[in-house]
Amino acid sequence: MKFGLIDAEKDHHGVSLLARVLGVSRQGYYAWAARQGRGPSTRARRDAELTGKIREHHQAFDEIYGAPGIHADLREIGGIRVGRKRVAQLMRRAGLARVSRRKGCRTTIVDRQAVAASDLVKRKFSAGRAEPVLDCQTSPHGRADLATMLPRSRKP
């Protein structure tokens with residue numbers, strides 16, 4: 001953004017003065033200006049080319065393959081030597097992901113009309129009195145220093 005301002009104002013003021021006022025180096029501006037004249041970098045052009053090939057392979061195999069499968073195909077079929085993590089990164093940037101063909105396994109089928117089973121054992125689900133709880137204090141060395149029995153209702 002600062003370099004863009006220098007570029008816009010360089011006809012009215014010197015580049016050295018503008019760079020000093022904006023707190024950037026003059027060499028940094030000239031490097032930025034040189035990059036603006038060039039197109040995308042070699043890596044960016046190679047990434048665009050690879051992304052196109054990845055899309056082709058991804059669609060050719062019905063979007064089933066993820067990054068490891070696409071990587072293997074590029075290497076075997078296309079003879080393209082590229083890293084698996086780079087393929088994964090390009091797939092993420094392009095929004096490509098594998099489609100899982102697995103269907104979930106349903107183990108329980110609920111019968112909405114079924115009546116709940118009666119309690120043949122006649123269990124009681126409420127406690128009559130508080131059960132005691134063992135409370136143990138340990139020292140920093142791992143030994144039990146104090147053990148007490150507390151009623152459950154009085155436990156802190």
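# Notebook: salt bridges and buried residues around helix 4

I began with Lys 53, which counts as partly exposed because its relative accessibility is 29%. The model I am reading is a predicted one.

**Entry 1: Lys 53 and its partner.** I looked up the charged partner of Lys 53 and found a salt bridge with Glu 49, the closest N and O atoms being 3.6 Å apart. Both residues are in helix 4, four residues apart, so about one helical turn separates them. I then checked Glu 49 for exposure: its relative accessible area is 43%, so I put it down as partly exposed. The pair does not stand alone, since a network of salt bridges links Arg 46, Glu 49 and Lys 53.

**Entry 2: the count.** How many salt bridges does the rule give? I noted five. As background, I wrote that side chains of opposite charge can pair when their charged atoms come close. The N-to-O cut-off is 4 Å, and the pair Glu 49 and Lys 53 meets this cut-off because the closest atoms are 3.6 Å apart.

**Entry 3: Asp 7 and Lys 10.** Next I looked at Asp 7, which forms a salt bridge with Lys 10 at a closest N and O distance of 3.4 Å. Asp 7 has a relative accessible area of 33% and is partly exposed. Lys 10 is also partly exposed, at 39% relative accessibility.

**Entry 4: Asp 47 and Arg 93.** I then went to the salt bridge between the side chains of Asp 47 and Arg 93, where the N to O distance is 3.8 Å. This pair links distant parts of the chain: Asp 47 belongs to helix 4 (residues 42–60) and Arg 93 to helix 6 (residues 84–94), 46 residues apart. Are the partners buried or exposed? Asp 47 has a relative accessible area of 10%, so I recorded it as buried. Arg 93 is exposed, at 58% relative accessibility. The limit for buried is under 20% and for exposed over 50%.

**Entry 5: what else Asp 47 touches.** Leaving out residues up to four places away in sequence, I listed Arg 86, Leu 90 and Arg 93 as the contacts of Asp 47. The salt-bridge partner Arg 93 is thus one of the listed contacts.

**Entry 6: Thr 51.** I followed helix 4 to Thr 51. Thr 51 is buried, with a relative accessibility of 15%. Its side chain reaches the backbone oxygen of Asp 47 at 2.7 Å. With residues up to four places away in sequence left out, I found Thr 51 touching Leu 90 and Ala 94. Leu 90 therefore turns up for both Asp 47 and Thr 51, contact being heavy atoms within 4.5 Å.

**Entry 7: Ile 80.** My last stop was Ile 80, in the loop between helix 5 (67–76) and helix 6. I noted Ile 80 as buried because its relative accessibility is 11%. Which residues does Ile 80 touch, not counting those up to four places away in sequence? I listed Arg 46, Leu 50, Lys 53, Leu 74 and Arg 75. For Leu 50 I also looked up the backbone separation: its C-alpha atom and that of Ile 80 are separated by 9.1 Å, with the two positions 30 residues apart along the chain counted as their spacing. The list brings me back to Lys 53, as well as to Arg 46, which is linked with Glu 49 and Lys 53 in the salt-bridge network.

Conventions:
Residues numbered from 1 in each chain as written. Predicted model: local features only at pLDDT ≥ 70, side-chain atom pairs only at ≥ 80, totals over all residues. Heavy atoms only, no water. Buried < 20%, exposed > 50% of the residue type's maximum accessible area, 1.4 Å probe, protein only. Helix = DSSP H or I, 4+ residues; strand = E, 2+ residues; numbered from the N terminus. Polar contact = N/O pair within 3.5 Å; in protein donor to acceptor, adjacent residues only side chain to side chain.
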